Amino acid sequence: MRRWSEIIKKGLNNFDKDKPLVSANPFLRFFSRLFLYFIAFPLLFLFDHAVFGLKIRGKEHVKNLKGKGAVLVCNHAHYFDCTFLGLLAMPRKAIFTSLERLFYVPVVSQLIYFLGSVPVPSSPSRMRSFLQQMVQAVKDGRLLCIYPEGELIPYCQTLRDFKDGAFTIAARAHVPVIPVVLTQRPRRGIWKLLKRKPCFTLTAGEPIYPSNQENIRRSARELYQKALEQMNEQLKNSL
């Protein structure tokens, strides 16, 4: 057990030391996009629609950004909801925040890093660097997907307390927050035969833009409140 702890700790330290959170390597980015466009996106589209009965609404709110950066915030209610968000962002490649412990395992860390995931640091000393890199990424036109609830609770139908990080990043970068809600709907038709659990609908709302660039804390709080209101309303309408 001690040896395994040393191995995963070494794996994380090497990752932090050798790589930026968002790679600037043109070859890595090229092959990553090639894999996403021709393999991952087609397979995920078929899998998520066939297995989860996924429906995506409001995709135009992401498309209308036309290459500009934004922070997508979504409730965390399924193990595969990152793939739902990936299809929402398609054909753009989004950045996903992931648990730091997933980057402890060398093979797994390389794979999810290749696909665009970044570790959320558990150490406060590294949080400043994380926020700076994420702010720069969205300033550069990237889509950043964050679960402000932090913890995954499968099939949870209510919103839990949000953390401030996503809204602080948006306020600092002066980019919009797009509230995204994952809701459940009853099985109908063929889904009654194929599934025992509800089907999913992913709905993106209209972008919420920062209103006060001079006071970052106040701007982040306004984004927080507006996103929370929109997401609660969407969840209420789905019940």
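**Figure 1. D164 and R221 form a salt bridge in this predicted model.** D164 is partly exposed, because its relative accessible area is 39% and the partly exposed class runs between 20% and 50%. R221 also counts as partly exposed, at 39% relative accessibility. The closest N and O atoms of the D164 and R221 pair are 3.5 Å apart. D164 lies in the loop between β5 and α7, whereas R221 belongs to helix α9, so the salt bridge ties together parts that are 57 residues apart in sequence. Side chains of opposite charge can pair when their charged atoms come close.

**Figure 2. The charged end of R221 sits over the ring of Y224.** The distance from this charged end to the centre of the Y224 ring is 4.4 Å. Y224 is in helix α9, which covers residues 216-238. R221 is in helix α9 as well. Y224 is buried, while R221 is partly exposed.

**Figure 3. F162 and Y224 make an edge-to-face ring pair.** The ring centres of F162 and Y224 are 5.8 Å apart. Their planes stand at 70°, so the pair is edge-to-face, the cut-off for that class being over 60 degrees. F162 is in the loop between β5 (143-146) and α7 (165-173), and Y224 is in helix α9, 62 residues apart. Both F162 and Y224 are buried.

**Figure 4. A cluster of rings is linked by ring pairs.** Its members are F47, F52, F80, F84, Y155 and F200. The count of aromatic pairs comes to 12.

**Figure 5. E149 and R160 meet in a salt bridge through their side chains.** The N to O distance is 2.9 Å. E149 and R160 are both placed in the loop between β5 and α7, 11 residues apart. E149 has a relative accessible area of 5%, and is therefore buried. R160, with a relative accessible area of 19%, is buried too, because the cut-off for this class is under 20%. A search of the whole structure finds two salt bridges.

**Figure 6. T83 is placed in helix α4.** This helix spans residues 81-89. T83 counts as buried, at 11% relative accessibility. A polar atom of the T83 side chain lies 2.6 Å from the backbone oxygen of F80. Once neighbours within four places in sequence are left aside, T83 is in contact with L44 and D48. The C-alpha atom of T83 is 8.8 Å from that of F45, a residue 38 residues apart from T83 along the chain.

**Figure 7. T201 is found in strand β7.** The strand consists of residues 199-204. T201 has a relative accessible area of 4% and is buried. The side chains of T201 and R185 are joined by a polar contact of 3.0 Å. R185 is also one of the residues that T201 touches when those up to four places away in sequence are not counted. The others are K55, R57, V181, L182 and T183.

**Figure 8. The whole chain has nine helices and seven strands.** Of its 239 residues, 46% are buried. The chain exposes about 13500 Å², and carbon and sulfur atoms supply 59% of this area. Among contacts with a separation of 6 or more, 75% are between residues 24 or more positions apart.

Terms used
Residues numbered from 1 in each chain as written. Predicted model: local features only at pLDDT ≥ 70, side-chain atom pairs only at ≥ 80, totals over all residues. Heavy atoms only, no water. Phe/Tyr/Trp six-rings, centres within 6.5 Å; stacked < 30°, edge-to-face > 60°. Helix = DSSP H or I, 4+ residues; strand = E, 2+ residues; numbered from the N terminus. Buried < 20%, exposed > 50% of the residue type's maximum accessible area, 1.4 Å probe, protein only. Lys NZ or Arg CZ within 6 Å of the ring centre and 35° of its normal. Contact = heavy atoms within 4.5 Å. Polar contact = N/O pair within 3.5 Å; in protein donor to acceptor, adjacent residues only side chain to side chain. Areas by Shrake-Rupley, 256 points an atom, 1.4 Å probe, with all protein chains shown as cover. Salt bridge = Lys/Arg side-chain N within 4 Å of Asp/Glu carboxyl O.
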